[in-house]
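This briefing covers helix packing, the contact between chains and the division into domains. The structure comes first, and the notes follow by topic.

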Amino acid sequence: MAQNKLPSLIGAGIGLALFLAIALLPALLYGGYAGLLLAGGIVGTPVQPTLLVRGLIVFGMGLGVVGVASLFAVAGAAAGAAVGAILTIAGRRPVAQEQSSR
Amino acid sequence: MRATLLAFALLLSTAARAEEAKPAPALPADAESCLMCHDKGGGAPEVDFKAFPGSVHGQAEVGCTDCHAGYKEGPHEGELPALSAAEQATVARLAKGAWGEGEAKHGVTAPRAYLACQSCHTTEADAFAKSVHGKWLAQDTKAPGATCASCHGSPHSIPAKLAEYAPKDGKRVPVPADRREMTKRCEACHGNEAFAEAAGLNPEAVITYHDSIHGRLTRVGNAAAPTCVSCHAAAADAGGTHAIVSKTDPASTVSAANKKQACARCHAGATDTFAGLVAHKPLHETGGSVIPHIVHVAFSWLTTLTLLFFAFHVLVDFIYELRTRLAKKGGHGPSADAVRSVIRFDLHQRIQHWFMLSGVILLGITGWPLRGAGDAEAATYSRAFMKVFGGAEGAATWHRVGAVLIIISAAYHLFYLTFLASKKRLPLSMLPVPKDALDMRDNILFMMGVKKERPKFDRYMYLEKFDYWAVFWGIVMMVGTGFIFWFPVWFASWAPGWLITAAQIIHGEEATLAILFLFTVHFYNVHLKPSIFPMNWAWLNGRISIEAMKHEHPLEYDRLKDEQNG
């Protein structure tokens, strides 16, 4: 049951670095737009720049960033886990071969 | 060193000679005298003589006085031939006209020259004269309308003849790039709020177009997505783009009677209901009923309140986790209970989850870029990201693949439940019970430090039950409404318009809720929580450690232990 966390942690780190490099700005934009759309339903369209609307846009931006960053981190962790599993299997084979040759 | 310098010198001299060898762009034979005053710094209105030779008119060897008829050495007052009364009236109106090029606005400086357009472009000029855009040249209107330059740009620099574009019934003909580019010129007037109001036009026509599915598809680069002329231009043999008339005119392609035929250019079999779905109005105001509006408000509240509550839950949980971690003293390494594990999810459940997660992620990453394209800046990223899937059309195909994956998952799960029920092994542990509400309250109070004891959870705690039932709700909403977009014409052939509009609203709102909930709340609970990071491995191996079971599902642990002890 005990899992080697290291490959997943490295993968998650790479995922987060990738997020910062390519996806931070779009995540802010998409999240802010989602907040704007929600505000449109709540206060009616066309939306005016009131405190509530601004708050919803900032809330959307926050969720957008956390959501997309999570996706990158989780995808990175899963990829790391997969690489870790492959390396573990690859590391075992020579031992098995060695034993069978004895 | 000398050799290198020599080589450079030779290279540069060759390049310079090649530059010299290029023939200078030819200006019309009669242009020399015009240049004296109309070139930069000449004092008279400036003409872009550099662009002219490469323009379609320059290529056709049109001379200056072919359009500026009667102009001689200047000053021109008094040297021009007399005009008829009708021509004088047209020139007087043209003199009030203006046209835009990007941000720049230009007044019409040589109105008489526009009379010459019809000499070569007779068919187009005749169609234009009868169109809604040309009406202002013959009668008084609220505001000056379009000139040739409004759509084609300066006659001195029109780059080339526009590519042929004639939409055919039932075939999605790609809109040529130059026609797409021309849309900006439509927007220069129809998207200008002040002008639109002065001219009595719909000031939101451009905004609502970009918010619509057509506008979003255009922004993400779908080659066949319709632009203004796709719907509004008359048939090619009836004058095409030059013959656009008001929608109140029975001859208009978008008049009440003809609109479905305009839709049928891309959507074969379009009905009046289908045609009524595109109306240059906010989505919740189309469909001819108040229901879309109610759905819009209800789903906006549902999405906002759900996300606010669970964001609060995640925040409280995260702070609690950090506090616990900081307070924890160094242990003695992993206990035996951390190593021993039991099966929590069987292979069928894991396969269902794999289908579901791959489908949902695929739907999210191919769908949200399109939804987000309602924002012009975000659309740039959407367009770039969709290239990963082979462009907008490829992303649409992958989106449907995602839909099929979640349908397979849902069907598999229902068969699985039916099978378990037939064997009288259907677990009821996922059913919501009143204790869940109390558990939720007590758990939040515990994490906030108000209560001293954490409530004891059974096999599934309230968060897991919410995840499970939210998927049921989500599948019904997303798949149900998604099918309507997949086959919109068929649905519109029998369903009321408000149902299709409501479906469009639900699909978008539910996508926002689902994606933000799954990527923030669900991912936090099963992957990113400090005590779980990088992941709860149960989704891969189906197992839970005895230690985790004791901590997270103590009631289940006690029950299993009692069963084991007999």
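**Helix packing in chain B**

In this predicted model, helix 16 (residues 291-327) of chain B packs with helix 24 (residues 497-528) of chain B at an angle of about 5°, their axes being 9 Å apart. Because angles under 35 degrees count as roughly parallel, helix 16 of chain B is roughly parallel to helix 24 of chain B.

- The contact of helix 16 of chain B with helix 24 of chain B is made up of 17 nonpolar, 7 polar and 1 charged residues.

**Contact between chain A and chain B**

- On the chain A side, 27 residues are in contact with 34 residues of chain B.
- Helix 1 (6-43) and helix 2 (51-101) of chain A each contribute at least two residues to the side of chain A that touches chain B.
- The most is given by helix 1 of chain A, which supplies 12 residues to that side.
- Sorted by class, the side of chain A that touches chain B holds 20 nonpolar, 6 polar and 1 charged residues.

**Domains of chain B**

- Chain B is divided into domain 1 (15-77), domain 2 (122-281) and domain 3, the last made of the segments 291-328, 335-350 and 427-565.
- Between domain 1 and domain 2 of chain B, the C-alpha centres are 33 Å apart.
- Contact between these two domains of chain B involves 8 residues of domain 1 and 8 residues of domain 2.
- The side of domain 1 of chain B that touches domain 2 of chain B comprises 5 nonpolar, 2 polar and 1 charged residues.

Definitions and conventions:
Residues are numbered from 1 along each chain as its sequence is written. Chains are lettered from A and ligands numbered from 1 in the order in which they are written. This is a predicted model: local features need pLDDT of at least 70, side-chain atom pairs count only at pLDDT 80 or more; totals for chains, interfaces and linings use all residues. Axes are lines fitted to C-alpha atoms, for helices over the stretch in contact, and angles run from 0 to 180 degrees between N-to-C directions. Helices (H or I, at least four residues) and strands (E, at least two) are DSSP runs, numbered from the N terminus. Angles under 35 degrees count as roughly parallel, over 145 as roughly antiparallel, 65 to 115 as roughly perpendicular and the rest as oblique. Ala, Val, Leu, Ile, Met, Phe, Trp, Tyr, Cys and Pro count as nonpolar, Asp, Glu, Lys and Arg as charged, and the others, Gly among them, as polar. Two residues are in contact if their C-beta atoms, placed from the backbone, lie within 7 Å. Domain bounds come from an automatic or database domain assignment.
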